[in-house]
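Please open the model in your viewer and keep the selection panel at hand. The stops below go from the whole chain to single residues.

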Amino acid sequence: VLFRSQNKNPGRQVLTSGQLAPVADNGTGFCRDHSPFSCQLLNALESVPIGAVIGTMDLYTTIADAFRRQGSPNDQLPQLGSFDGDSGGEFFLLRVK
C-alpha cells in the first residue's frame with residue numbers, strides 16, 4: 001500500500017539497482033534466486049513490521065547500507081533519484097502482511 005507524504009507535494013522518485021555501470025544480477029546463498037539488489041530490497045521490506053510504514057529514503061538507506069557493509073564498490077551501490085516534476089514529496093509503503 002502506498003501513501004503520499006503529508007506535505008502533498010508531488011513525488012516522482014526512482015530507486016535503481018545502480019548507476020550506468022552494469023551491476024551484478026546473480027546472488028549467492030540465500031539470495032541465489034535474486035539479484036543482490038532485489039534480495040536486499042526484499043530483506044528491507046520484510047524487516048518492516050506489519051502495520052508499520054517505511055519511506056523511500058529510509059528504504060534506500062537500508063538497502064545502500066547493506067551493500068556498503070558487504071564492501072560493494074560505489075559503482076555497484078543502489079541509487080535514489082527523482083524524475084522531472086518532483087516537488088519533494090516522498091512515498092511511504094505500509095506493510096499489511
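**The whole chain**

Start with a cartoon view of everything; the protein has two helices and five strands. Remember that this is a predicted model. Coloured from the N terminus on, the elements come in the order β-β-α-β-α-β-β.

Now switch on the surface. The protein exposes about 6,400 Å², and carbon and sulfur atoms supply 54% of that area. Of the 97 residues, 27% count as buried. If you display contacts with a separation of 6 or more, 74% of them are between residues 24 or more positions apart.

**The helix pair**

Next, select residues 36-46, which form helix α1, and residues 56-69, which form helix α2. Two packed helices are described by the angle between their axes and the distance between the axes. Here the angle is about 125 degrees, and the axes lie 9 Å apart. Angles from 65 to 115 degrees would count as roughly perpendicular and those over 145 as roughly antiparallel, so α1 and α2 are oblique to each other. The crossing of α1 past α2 is right-handed.

Show the side chains where the helices touch. On the α1 side, select Pro36, Phe37, Gln40, Leu41, Ala44 and Leu45. On the α2 side, select Leu59, Thr62, Ile63, Ala66 and Phe67. What is the make-up of this contact in nonpolar, polar and charged residues? Nine are nonpolar, two are polar and none is charged.

**Alanine 44**

Stay in helix α1 and pick alanine 44. Is alanine 44 buried or exposed? Its relative accessible area is 3%, and the limit for buried is under 20%, so alanine 44 is buried. Leaving aside neighbours within four places in sequence, alanine 44 is in contact with Leu59, Thr62 and Ile63. To check one of these with the distance tool, pick the C-alpha atoms of alanine 44 and threonine 62: they are 6.4 Å apart, with the two positions 18 residues apart along the chain as the separation.

**Cysteine 39 and serine 38**

Move along helix α1 to cysteine 39. Cysteine 39 is buried, at a relative accessible area of 1%. Its C-alpha atom is separated by 9.3 Å from that of isoleucine 63, and the two residues are 24 apart along the chain.

Then select serine 38, which also lies in helix α1. At a relative accessible area of 22%, serine 38 is partly exposed. A C-alpha to C-alpha line from serine 38 to isoleucine 63 spans 9.5 Å; along the chain these residues are 25 apart.

**Alanine 21**

For the last stop, leave the helices and find the loop between β2 (13-16) and α1, where alanine 21 is located. How does alanine 21 rate for exposure? Alanine 21 is partly exposed, because its relative accessible area is 29% and that class lies between the 20% and 50% limits. Add aspartate 75 to the selection: it is 54 residues from alanine 21 in sequence, while the C-alpha atoms of the two are 6.5 Å apart in space.

Terms used. Residues are numbered from 1 along each chain as its sequence is written. This is a predicted model: local features need pLDDT of at least 70, side-chain atom pairs count only at pLDDT 80 or more; totals for chains, interfaces and linings use all residues. Side-chain values use heavy atoms; hydrogens and water are left out. Helices (H or I, at least four residues) and strands (E, at least two) are DSSP runs, numbered from the N terminus. Buried means under 20% relative accessible area, exposed over 50%, partly exposed in between (1.4 Å probe, protein chains only). Contact means heavy atoms within 4.5 Å. Accessible areas come from the Shrake-Rupley method with a 1.4 Å probe; for residues, only the protein chains shown count as cover. Axes are lines fitted to C-alpha atoms, for helices over the stretch in contact, and angles run from 0 to 180 degrees between N-to-C directions. Angles under 35 degrees count as roughly parallel, over 145 as roughly antiparallel, 65 to 115 as roughly perpendicular and the rest as oblique. A crossing is left-handed if the near helix is turned anticlockwise from the far one by less than a right angle, and right-handed if clockwise. Ala, Val, Leu, Ile, Met, Phe, Trp, Tyr, Cys and Pro count as nonpolar, Asp, Glu, Lys and Arg as charged, and the others, Gly among them, as polar.
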